[in-house]
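Visitor: I would like to be guided through this structure, beginning with its metal sites and ending with its packing.

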Amino acid sequence: MKTTLTLAKADIGSIGGHIKPGARLMGVVSDYMKRHARPNVKDFYISHTGDDIAVLMTHTRGVGDTRVHRLVWDAFTAGAGDARKQGLYGAGQDLLKDAFSGNIKGLGPAVCEMEIDERPNEPFLMFAADKTDPGAYNLPLYLAFVDPMYNAGLILSPSMFKGFKFTIMDVSYTEGDRVIELNAPEQIYDIAALLRDNQRFVVESVHSRATGEVCAVVSTQRLHNIAGKYTGKDDPVMMVRVQGAFPATGEVLQPFKIGHFVAGFMRGSHTGPLMPVKANSTISWFDGPPVVSATAFCVHDGKLTEPADAFDHPLWDYVRNKVSRKAIEIREQGFSGCAMLGYDELEYGGIVKKMDELEKVFKIRGHKEQKTAFSSPKKRR
Ligand code: F6R
Ligand code: MG
Ligand code: MG
């Protein structure tokens, strides 16, 4: 049977800064979904990661369906209304457009979806990250689908011997979807050459080359491309089917033990290690660190099992301690060098103003006239 999994996530307001949405707001979104999900959506699950609410939906209407997208847009809008009433911080922050226009992509929320032929048992993982951008999933996907040091199935399971196809998007191109398809293992150097640049090239999906089936999908929306200026980090979502012809759950999770450095953290303008956290965790130190949750399900006839929290295990406490150490260490150097993002990725416009002011004070020795040294390539808030 064909089932579509649609996962959408938005920051529509939070308590005490950008920490968490709160029980009342979660309740409003959940109630809206309960009242309006039928007949278009079969099942749904709501959770939060940091300040973002994620809504996972199952249905049979295929990807990009207007009714399903409208449902979740309206649920977020209802939530944003209540967030305003409560006086929550950043109420409606990620709802960048006033009106729904057929597809929630391009309106602010992060979305990824896949239409699948349900296997007799269909396990999958839903990931939600906060205080970072979609490129945060590049390295874990590369390692889980390409590297036998992380995925033992690549050398042990014949169903994976043919490898995987990566579809990678150039998210700096705003005129349309600029994508490239590359095959692992033959083209892994090309894949690595692109995925090294997390801000520009983002894995959109991964397919099995043995069966042609979709295996992983990532939200590729970048908020500044939508708003025309920086409005926050994109806080991406991802879904990965696991087991059988796909990597095992543990193989997909394994790369997250690295706590690799990603863009985001305080004011979306820093570098910080990605910490695997339990579902419904909050944000804290230096508005971070960047976090990711992983929730496992099986789906059968479009119905979800109860969730299993994949990062709720003693091993991940050890990893979290390691990542805390990495976070504190990089923060030791404050604004200096790689601890902060490059000029193009800084989230706040204040720096542009500052540079423009300093620009006027610069002098080139021995010259009266000078060319402009700094430019402001993108509008910022
Ligand atoms: C990052 C984030 C926070 C805010 C910071 C300042 O995505 O949400 O780090 O950037 O707390 O927030 P404002 O500018 O809303 O006062
Ligand atoms: Mg926020
Ligand atoms: Mg967020």
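**Metal sites and packing**

Guide: In this predicted model, the donors of the magnesium ion (ligand 2) are spaced along the chain as D-x6-H-x32-D.

Visitor: Which residues coordinate the magnesium ion (ligand 2), and at what distances?
Guide: The spacing D-x6-H-x32-D calls for two Asp and a His. In the model, these donors are D11 (OD), H18 (ND1) and D51 (OD), at 2.0 to 2.5 Å.

Visitor: Is H18 buried, partly exposed or exposed?
Guide: The class depends on relative accessible area, with buried meaning under 20% and exposed over 50%. D11 has a relative accessible area of 1% and is therefore buried. H18 has a relative accessibility of 24%, so this residue counts as partly exposed.

Visitor: Which residue coordinates both the magnesium ion (ligand 2) and the magnesium ion (ligand 3)?
Guide: The protein donors of the magnesium ion (ligand 3) come from D51, D52, D130 and D235, with OD atoms lying 2.0 to 2.7 Å from the ion. The magnesium ion (ligand 2) has D11, H18 and D51 as its donor residues. The two ions are 3.9 Å apart, and the residue that coordinates both is D51.

Visitor: How many residues apart in sequence are the parts that D130 and D235 tie together?
Guide: The donor residues of the magnesium ion (ligand 3) follow the spacing D-D-x77-D-x104-D. D130 lies in strand β5 (residues 122–130), whereas D235 lies in the loop between α6 (223–227) and β10 (237–241), so the pair ties together parts whose separation in sequence is 105 residues.

Visitor: At what angle do the axes of helix α1 and helix α2 cross?
Guide: The contact involves residues including L25, V28 and V29 of α1 and A75, A78 and A83 of α2, and by class it has 9 nonpolar, 3 polar and 4 charged residues. The crossing is right-handed. The axes of α1 (residues 23–36) and α2 (residues 66–86) come within 9 Å, and they cross at roughly 145°.

Visitor: Which helix gives the largest share of the largest nonpolar core?
Guide: This core has 50 residues, and F127, Y137, F145, F166, V240 and F256 touch the most other members. Its largest share, 6 residues, comes from residues 138–146, which form helix α3.

Visitor: How many residues are in the second, separate core?
Guide: F256, from the largest nonpolar core, touches residues including F127, Y137, M238 and W316. Separate from that core is a second one, which includes M26, A37, I53 and V111 and has 28 residues.

Methods. Residues are numbered from 1 along each chain as its sequence is written. Chains are lettered from A and ligands numbered from 1 in the order in which they are written. This is a predicted model: local features need pLDDT of at least 70, side-chain atom pairs count only at pLDDT 80 or more; totals for chains, interfaces and linings use all residues. Side-chain values use heavy atoms; hydrogens and water are left out. A nonpolar core is a set of buried Ala, Val, Leu, Ile, Met, Phe, Trp, Tyr and Cys residues joined through side-chain atoms within 4.5 Å. Buried means under 20% relative accessible area, exposed over 50%, partly exposed in between (1.4 Å probe, protein chains only). Helices (H or I, at least four residues) and strands (E, at least two) are DSSP runs, numbered from the N terminus. Contact means heavy atoms within 4.5 Å. Axes are lines fitted to C-alpha atoms, for helices over the stretch in contact, and angles run from 0 to 180 degrees between N-to-C directions. A crossing is left-handed if the near helix is turned anticlockwise from the far one by less than a right angle, and right-handed if clockwise. Ala, Val, Leu, Ile, Met, Phe, Trp, Tyr, Cys and Pro count as nonpolar, Asp, Glu, Lys and Arg as charged, and the others, Gly among them, as polar. Donors are N, O and S atoms within 2.8 Å of the metal (3.2 Å for Na, K and Ca); water is not among the atoms, so sites may look incomplete. Lists of a residue's contacts leave out its neighbours within four places in sequence.
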